[in-house]
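I sat down with this one to see how the sheet is put together and what fills the space around it. My notes follow in the order I looked things up.

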Amino acid sequence: MGASNLSDVCVGIVDDDESIRRSVARLLRAAGMHAITYASAEAFRADNEPPHFDCLVLDVQLPRISGIDLRNQLAAEGSATPVLFVTAFDDTTALDGAMAGPCAGVFRKSDAGIGFLDAIRRIVALPPSGP
């Protein structure tokens, strides 16, 4: 992808849990990235003027259109935007579904933020944070 620095990075977050959307967006903004949140896959799809996203963070289990289904739709349309999945559940079937298509990683919603940030830095080819 090759963003020159974190202030050039734009991440889309799709999660039905408002507290997760807010906390992930705060984490990304604190690291200097732009974060745009959506409460559902439908809201994401309804954005008539979405920015260029360097990465998408999708909840595996969204109501109606799941994060996996959204990723599959985007991939079928030719999108090469890397996807990180987040989940609150240890549902092996859902995790297998996430890994079955283009997927840059899967994180539990309870995972530490530093690993999540480092994954985004890897995706956009920026050096990882310190120790």
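**Entry 1: the sheet**

I started with β1 and β3, which pair in the parallel sense over four bridges. This is a predicted model, so I am reading computed geometry throughout. For the register I looked up Val11 and found it opposite Cys55 in β3.

Next I went to the other neighbour I wanted to check: β3 and β4 also run parallel, joined by four bridges. Two partners in β4 went into my notes: Val83 for Leu56 and Val86 for Asp59.

Then I stepped back to the whole sheet. Five strands make an open sheet with parallel pairing, and the order reads β2-β1-β3-β4-β5. Why do β2 and β5 each have one side without a neighbour in the sheet? They stand at the edges with a single partner strand each, so nothing in the sheet sits along that side; β2 covers residues 34-38. From one strand to the next, the twist averages 20°.

I also looked at two helices against the sheet. Helix α3 (residues 67-76) packs on it and touches β1, β3 and β4, with its direction at about 145° to that of β3. Helix α5 packs on the sheet as well, touching β1, β3, β4 and β5, and its direction makes about 165° with that of β4.

**Entry 2: is β3 buried or exposed?**

I asked which residues of β3 are buried on each side. On one side I have Cys55, Val57 and Asp59, and on the other Leu56 and Leu58, so both faces are covered because every one of these is buried. That makes five of five residues for the strand.

**Entry 3: helix α5**

I listed the buried residues of α5, which spans residues 113-123: Phe116, Leu117, Asp118, Ala119, Ile120, Arg121 and Ile123. The list has Asp118 and Arg121 in it as well as nonpolar residues such as Leu117. What covers these buried residues includes β1 (10-14), α1 (18-30), β3 (55-59), β4 (83-87) and β5 (105-108).

I picked Phe116 for a closer look. Leaving out residues up to four places away in sequence, Phe116 touches Val24, Leu27, Leu28, Val57, Leu84, Val86 and Phe107. Just past the end of the helix I noted Ala125, with a positive phi of about 60°.

**Entry 4: the cores**

Nonpolar side chains tend to be buried together in soluble globular proteins. Here I looked for the largest nonpolar core and got 22 residues. Those with the most contacts inside it are Val11, Ile13, Leu28, Met33, Leu84, Phe116 and Ile120. Which elements give two or more residues to this core? They are β1, α1, β3, β4 and α5. The most comes from α5, with five residues.

There is a second, separate core of 16 residues, and among its members are Val14, Ala41, Ile68 and Leu74.

**Entry 5: aromatic rings**

How many aromatic pairs does a search of the whole structure find? It finds four. I wrote down two of them. Tyr38 and Phe44 are edge-to-face, 5.1 Å centre to centre with 80° between the planes. Phe44 also pairs with Phe53, this time tilted, at 5.9 Å centre to centre and 35° between the planes. Ring pairs thus link Tyr38, Phe44 and Phe53 into a cluster.

I checked burial for each ring. Tyr38 counts as buried because its relative accessibility is 6%. Phe44 comes out at 10%, so Phe44 is buried too. Phe53 is buried with a relative accessible area of 6%.

**Entry 6: cysteines**

Last, I looked for disulfides. A disulfide is a covalent bond between the sulfur atoms of two cysteines. With sulfur atoms needed within 2.5 Å, the count comes to zero. I looked up burial for two cysteines while I was there. Cys10 is buried, with a relative accessible area of 9%. Cys55 is at 0% relative accessibility, so Cys55 counts as buried as well.

How values were computed: Residues numbered from 1 in each chain as written. Predicted model: local features only at pLDDT ≥ 70, side-chain atom pairs only at ≥ 80, totals over all residues. Heavy atoms only, no water. Buried < 20%, exposed > 50% of the residue type's maximum accessible area, 1.4 Å probe, protein only. Contact = heavy atoms within 4.5 Å. Phe/Tyr/Trp six-rings, centres within 6.5 Å; stacked < 30°, edge-to-face > 60°. Pairing = 2+ DSSP bridges. Axes fitted to C-alpha atoms, helices over the stretch in contact; angles between N-to-C directions. Core = buried A, V, L, I, M, F, W, Y, C linked by side-chain atoms within 4.5 Å.
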